[in-house]
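Could you walk me through the local features of this chain, from its backbone turns to its sheets and aromatic rings? Please keep to running paragraphs.

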Amino acid sequence: MKKFNIRKVLDGLTASSSSAAHSGGSRESDAVQETLQSEHFQLCKTVRHGFPYQPSSMAFDPVQKILAIGTQNGALRLFGRAGVECYCQHESGAAIIQLQFLINEGALVSALADDSIHLWNLRQKIPAILHSLKFSRERITYCHLPFQSKWLYIGTERGNIHIVNVESFTLSGYVIMWNKAIELSTKTHPGPVVHISDNPMDEGKLLIGFECGVVVLWDLKCKKADYRYTYDEAIHSVAWHHEGKQFVCSHSDGSLTTWNVRAPAKAAQIITPHGKQPKDGKKPEPCKPILKVEYKTTRAGDPFMVLSGGLSYDTVGRRACLTVMHGKSTTVLEMDYPIVDFLTLCETPYPNDFQEPYAVVVLLEKDLVLIDLGQIGYPIFENPYPLTIHESPVTCCEYFADCPAELIPALYSVGSRQKRQGYSKKEWPMNGGNWGQGTQSYPEIIITGHADGSIKFWDASALMLQVLYKLKTAKVFERARGKEEKPSTDIVDEDPFAIQTLSWCPESRMLCVAGVSAHVIVYRFSKQEVTTEVVQLLEVRMQCEFSCVDSPDPGGEQTPTLPTPGASSSPQETDLPTQHSTGSNSSDGHRDNLPCLQVRSSPLKQSPGYQVELVIQLVWVSGEPPQQITSLAINSSYGLVVFGNSNGLGVVDYLQKTLLLNMGTPELYSPSDPYQRQPCSPRKARQLSGDKPNGTSYMSRLSYLYTESVKKLRSPHLRLSESNDGSNTTEDRCKSPTSGSTSPCNSDDERKQKFIEKVKFKGRRFSKTVANDFAKMSRKISQTSEQKPDLEEGFQRWCSLTYKSINCMNKGQAASRMSQKADVCRTKSAPDSHAKDNSFTRSRSSSVTSIERESREAISAFLFCESFPRKTDSVLSPCLLVGTTQGSVMMVALSLSPGGDSRLQQPVGISSCGTLVKLKGGILTMALLDSTATLLPPSYEPWYDPNASDEEKEKEKSRRRRPASPPSSQEGPDPQFAVLCSEKQAKVVAMPSQTRIHKHNITESSFLLRADVVLMAGENCIACFCANGHIMTLSLPSLRPLLDVNYLPLTDMRIARTFCFSNLGQALYLTSPTEFQRITYSQETCNNLQEMLSELFTPVETPEAPNRGFFKGLFGGGAQSLDREDLFGETTAGKASRSLAQHIPGPGGMEGMKGAASGVVGDLARARIALDERGQKLGELDERTAAMMASADSFSRHAHDMMLKYKDKKWYQL
C-alpha cells in the first residue's frame, strides 16, 4: 500500500488558500491596511532596445528621416532621432526580404520570405498592418515602389512581374510575363527577377534584371521590350544614372558593366574594381561577387559609386569591405562584421535630379555604421542608438528604478571622458520623429555584466536607453598574450573575466562584482584619477567539508557544530602568526592555494569612476578548483561583503581587508535545529551490516554497487576524523589551518596525503558508474513501488549514503590567505570517533543534513538588515539573513563597533543563530517589513569621494550615517515581518517571535526563476517570474495573489539569467542576444503608454520637384510622366486571377482606434480640453477673419481712389 505522510496531507490542506496557516501572531498583520488590488496591475510590453537580432533588410525615408530594419525572424525596428525607436513583429515570423517606404506618406511595405507583403501604418505610435497579400503560386524575389506612386512592382522567382495597388492591396490584371520579356530565341529560363526600377526620366520604361545576366527595358504602354542587354555573368544589382541614359550592373565575377540605354549590343565600360589587370589586355582575374552597387551623381563634382563585395579571392580571411569610388580615387572601408545591406543617403528623394549623396548607412550583422561622404577620410558618425548591448555577450543584468537623482549626472560625467575620438563633426542625419510626452520623471538605471568582464551603466529613464559609463574589470588582472601563456588554473575555457553576479548600493555607490573565475572585486566611486601601486588582494581557501561520520549514534549526545549564539567568531580573538600562504603543487602535480587569475602586479592607473578597493579570490584546494560564486551582497554601512557558493559562505571586512568568516553551509545549522534533524520517514532506520545485506532482491543488487572501493573511499576520511575528538576547545577550533598542524590538510604524513589524493581521482570515476547503475535500478524500483514501499525508502538511503561517500573526498579544512595578512577564523565540527564505517545509520546532523538532500546545499541569497537575531531579543541589531538552495533561511548576528576610527581597529563579531524558517525550493529573495508593511531597506552610508581633499572629507563626515542604527526597543510583540520567497512558495514570518504569519504555495508543477520585493502604487508586493511563463504578484504581508498572467514561456536560459523586476511596475529581460525587452505590470503605465511612446510620423512638406528648365520643356527633354491609373486600373488591365494571391485585411484600423482610445476617462478629459481649445481657436479665428475683412475693404477703397486719380492722365503725366 502507498506510504502515508501526515505532513503532505497538512500541506495540501493549507495550500488551498493564499494564506494557508495563521498563527497567533497573525493579528498584527491583520491590522495592516492593504490598498493594492488587482486593478492596479496590467501586463504589457513597452519598448525594445538594442541592435536588431539577425538583420536581413533595410529602408530609409529621405523626407521623414526614418530608418527601418527588418530581421530574419519577422521583427521590424524603426529608428528616428536619438530616443525615437519602435518595434513591430510579423505574426508569421518569416524573414523580411525587402522593405519599401511610401516616402513621406507614413506607411511602409514589407515583403516576407513566406511570399506575403504587408502595408504598415506608421502614423500611429504603435504601427499596425493595414493590408496583407499572400501569394500562393509564385515566390517573391524583388519589390519596387516608385516615388509618389501607389503601384508596387513585384518580381517573382518564375521571372514574372505583378503589380499591386498599395491603397487597396489588390492585384492589377497587368502582368509582365518572362517569356515575353526575353528573346524568343532564348532556350533557357532567365531565372528569378533580381531588379526592378523605372527610368528616372521616363516612368513608362521599366528596367528588369534577371539573374542569368539579361536586362530588359520594358515599355509599359506598348507592352513590349524596347532593348535587351546580355552579359555572361549573373546579375546581383542595377543602378541608374539620374539622367536615365546609363545604368550600371554588378556581377558575380566582381565586375561592373556600364550600359548606354540606346546601345544594347555591347557594354560601354567593363571594370573589375579589385581585380588584377593583366598586361596583355586579357580579361581581369575573377573576384568575389559584387552584391550591390549604387550610382549617385553630384552637381559640382564627380559621381559616387558605392559597392559591397568584389574583393579578390586571394584576400583570404579579410574582413568585409565597402568600396567608395569617387572620380579617380578608390577607398576600401573594412567592416567589423559581414555586410547585410547598405543605402546611400541623398539630399533629394527625386530620382531624376542630382542626388548629392552625403552619407552611406551600412547594416552589418551586428552593427549599424553611418559613413560621412562629405569629409576627407570618410569618418563615421557617432551612433546615438543603444546598439552596443551585445558588444560582449550579456551575462547578468540588474534594473534599478527610482534611483537617487544625482546618480545619472555623476555617471554621465565620468563616462563622457571614455568616448572615442575621430567621429564626424556633423549631426546624426536620421533625426525624424518626436519624443513621447510621458509623465514618468523618476530616474532608472540598468546595469549589465558582460563576458569580457566589462560592466555598463545605462540611463533607462522615460522609456529611452543611453549608455552612461563602462567599467572594465579585466584591467585588474594580468592577461595572457597567447594560448601558450594561458594559465593552467583557469576553470573556464573562454571568457575567464565574465561577470557572474553583482551587488550595487545606489546611495553609497559601492559596487561589488563576482566573476566566473571565483573572484570578487569591490569598487568605490571617485571623481578623481588615482594610481594604485599595489592592488589589495585577499585569497580565500574555501572547501567543502562534507563528512560521512561526523555524528554519534542516534542515541548519543549531539556534537555542537557552531559556537554558542553569544560567541563571536572574529579573527582577532586569537593571536595568529602572520604567514604568507603561497601557491604550490603537491607531489603528484595537483594545484593547491593557486587562484584562477593572476592579479596585476604593476601600478594600476584608475580613471575617474569606479576604482578598485579590494580583490577577493578563491583558490584551488588540493587539486580541486574553487566553486563559482552563486550569491553576493555588500553593505556600505557595515563595511562588509558576503559571498557564497556550493561550499559555503565567506564574510569579508573590506575596510580592514580581512576575512571574518569562512564557513561551510552545513555548519550554519544550529545543533538543535529541527530542520537539520527532520526525519524523512516515520519508520525506524534500518540497521544494515557491512556484509552482504539480507534484504529484498533489489536491495541485494544495490548492495553489490558498494564494492570494497566504496569502503576505501570512507576509510581514510574516518582515520583522519578520528584524530580530532570532541574535546577541542573553542580557541583550538578558531586557529588558522595554515598556522599549525591542527589541520589535516597540512599534516606531515605524506603517505596519508597521497592516498587521499588517489582516492579523490578514483572517486570521480566511480561516481559516474554509481550514477549510471542507480539510474537503472531506480527505474526497476519505481515499477514495483506499490508492492514494496520499503524498497523506495531503502533506495533513497543508499543514494544519500553514496552521495556522502563520494563527497568525502572533499574533506579538508578551509583556510584563507592575504597578500599581507593571514588573520583567519574557522569553526569546525568535531565528529565522533566511535562511529562505524560499515554502519548506515547516520544522524541528520551530518554534512548532508537530511536524506532528502541529494546535492550540495549552495548559498542562493543574502540580506543585510537590522532585526532581532534571536527569539528572546528585544533590541535591534545588525544581522545577515542567509538563504540556501534547499530552502533554509538562517540568521547570522553581526557585532560592529560604533564607528569612526574604532571601526577600523576593533574586530567585527559574527555568530550564527540557527535556522529561521524552511521553505520548499531554493531561496530567491528576502526582505524585511515594519509593523505597517513598509519596506525596511538595508542601512547604507551616503556617498563620499575617498580621494577628495581633507576639507571635503570633513564636510562629508558630518552627514555620514553611523555604521549601524542605534538600538531601539520593540513596539508591540512583533514589530517586524520577514518576507521570504523561494522557488515554490512564499512565507511571512513575524519577528522576533519567528512565528509564521502567512504562507502561499506559488507553484507546484513549475518553479520560480526570479522574485523581487518591489514598490508598487505606494505599497510593497512580491513580483515573480515562473519557468512556465507566468508573471505573478502577491500582496504584502497577506500574500494575496494580485496578478497571474501567462506571458512568456522559458525558451532560452538567457531569459532566466537576465529577467529582473524593479520598482513602480517595471521589468526587463534579454529577449535576444542583442536586444532588451522592457515590460510593465502597472495599470497606470499601461494607460499612459500611448503618451509615453515616441511618434514616428511628423508632417513634413515634400521637397519641390526639380525644374526641367525652359529648353528641356520646349524640346521634350524633361522627365516623362505616366498615367499608371489608366494603365494598371481594372478598366484597362482587367482583374487579376483570384488564385494568384489572397488579400487579408489587417488589424491596423482597429489597433489605431484602440491606441487612440486607451483610457476612457483620460480621453474624455482630453476631448473636453481639446474642445475648449478649439473653441478658443475658433474665436480667435473669427476675430482674425473680421480684421482681415476690414483690411481688405480698406485696401479696396485705397485701390479705387488710386484708380480714379490716375484714370485720365497720360503716361507722360505720371
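**A guided walk through the model**

L1064 has a relative accessible area of 21%, and because buried requires a value under 20%, L1064 counts as partly exposed. Please keep in mind along the way that this is a predicted model. The backbone at L1064 deserves a look too: its phi is positive, about 60°, although the residue is not a glycine. You will find L1064 in the loop between β59 (1060-1062) and β60 (1066-1072).

A second residue of this kind is A462, where phi is near 55°, again a positive value in a residue other than glycine. A462 sits in the loop that runs between β31 (454-459) and β32 (466-472). Its relative accessibility is 36%, so A462 is classed as partly exposed. As background, most residues other than glycine have a negative phi, and most peptide bonds are trans.

That brings us to the peptide bonds. M991 and P992 are joined by a cis peptide bond with an omega of about 10°. P992 belongs to the loop between β53 (985-991) and β54 (995-1001). Another cis peptide bond links L1036 to P1037, here with omega about 5°. P1037 also has its place in a loop, the one between β57 (1030-1035) and β58 (1041-1046).

Now let us turn to the sheets. One open sheet is built from three strands in the order β26-β27-β28, with antiparallel pairing. Its edges are β26 (339-346) and β28 (368-372); each has a single partner strand, so one side of each is left without a neighbour in the sheet. On average, neighbouring strands of this sheet are turned by 20° against each other, direction ignored. Between β26 and β27 (residues 357-364), which run antiparallel, there are seven bridges. To follow the register by eye, start at L343, whose bridge partner in β27 is V361.

Another open sheet has four strands, ordered β47-β48-β49-β50, and its pairing is antiparallel. Here β47 (859-867) and β50 (909-918) are the edge strands; with a single partner strand each, they have one side left without a neighbour in the sheet. Neighbouring strands in this sheet are turned by 25° against each other on average, direction ignored. Seven bridges hold the antiparallel pair of β49 (residues 888-895) and β50. Within that pair, L894 stands opposite I910 of β50.

From the sheets we move to the interior. The largest nonpolar core has 36 residues, and F457 and Y610 touch the most other members. Helix α4 (residues 407-415) supplies the largest share of this core, five residues. What does Y610 contact, leaving aside its neighbours within four places in sequence? The contacts of Y610 include L411, F457, Y469, L471 and W504, and also R509, L511, Y523, R524 and F525.

Aromatic rings make a good last stop. A search of the whole structure finds 26 aromatic pairs. One of them is formed by Y227 and Y229, a tilted pair at 6.4 Å centre to centre with 40° between the planes. The two partners fall into separate accessibility classes: Y227, at 24% relative accessibility, is partly exposed, whereas Y229, at 1%, is buried. The rings of F381 and W428 also have centres 6.4 Å apart, but with their planes at 90° this pair is edge-to-face. The F381 and W428 pair links distant parts of the chain, 47 residues apart: F381 lies in the loop between β28 and β29 (394-401), and W428 in the loop between α4 and β30 (444-450). F381 is buried with a relative accessible area of 5%, and W428 is buried as well, at 12%.

Rings also gather in a group: F41, F1025, Y1047, F1059, F1061, Y1069 and Y1081 form one aromatic cluster. Finally, charged side chains are placed over rings. R48 lies over the face of Y87, 3.8 Å from the ring centre. In a similar arrangement, the charged end of K292 sits over the ring of F342, at 5.2 Å from its centre.

Notes
Residues numbered from 1 in each chain as written. Predicted model: local features only at pLDDT ≥ 70, side-chain atom pairs only at ≥ 80, totals over all residues. Heavy atoms only, no water. Pairing = 2+ DSSP bridges. Helix = DSSP H or I, 4+ residues; strand = E, 2+ residues; numbered from the N terminus. Axes fitted to C-alpha atoms, helices over the stretch in contact; angles between N-to-C directions. Core = buried A, V, L, I, M, F, W, Y, C linked by side-chain atoms within 4.5 Å. Buried < 20%, exposed > 50% of the residue type's maximum accessible area, 1.4 Å probe, protein only. Contact = heavy atoms within 4.5 Å. Phe/Tyr/Trp six-rings, centres within 6.5 Å; stacked < 30°, edge-to-face > 60°. Lys NZ or Arg CZ within 6 Å of the ring centre and 35° of its normal.
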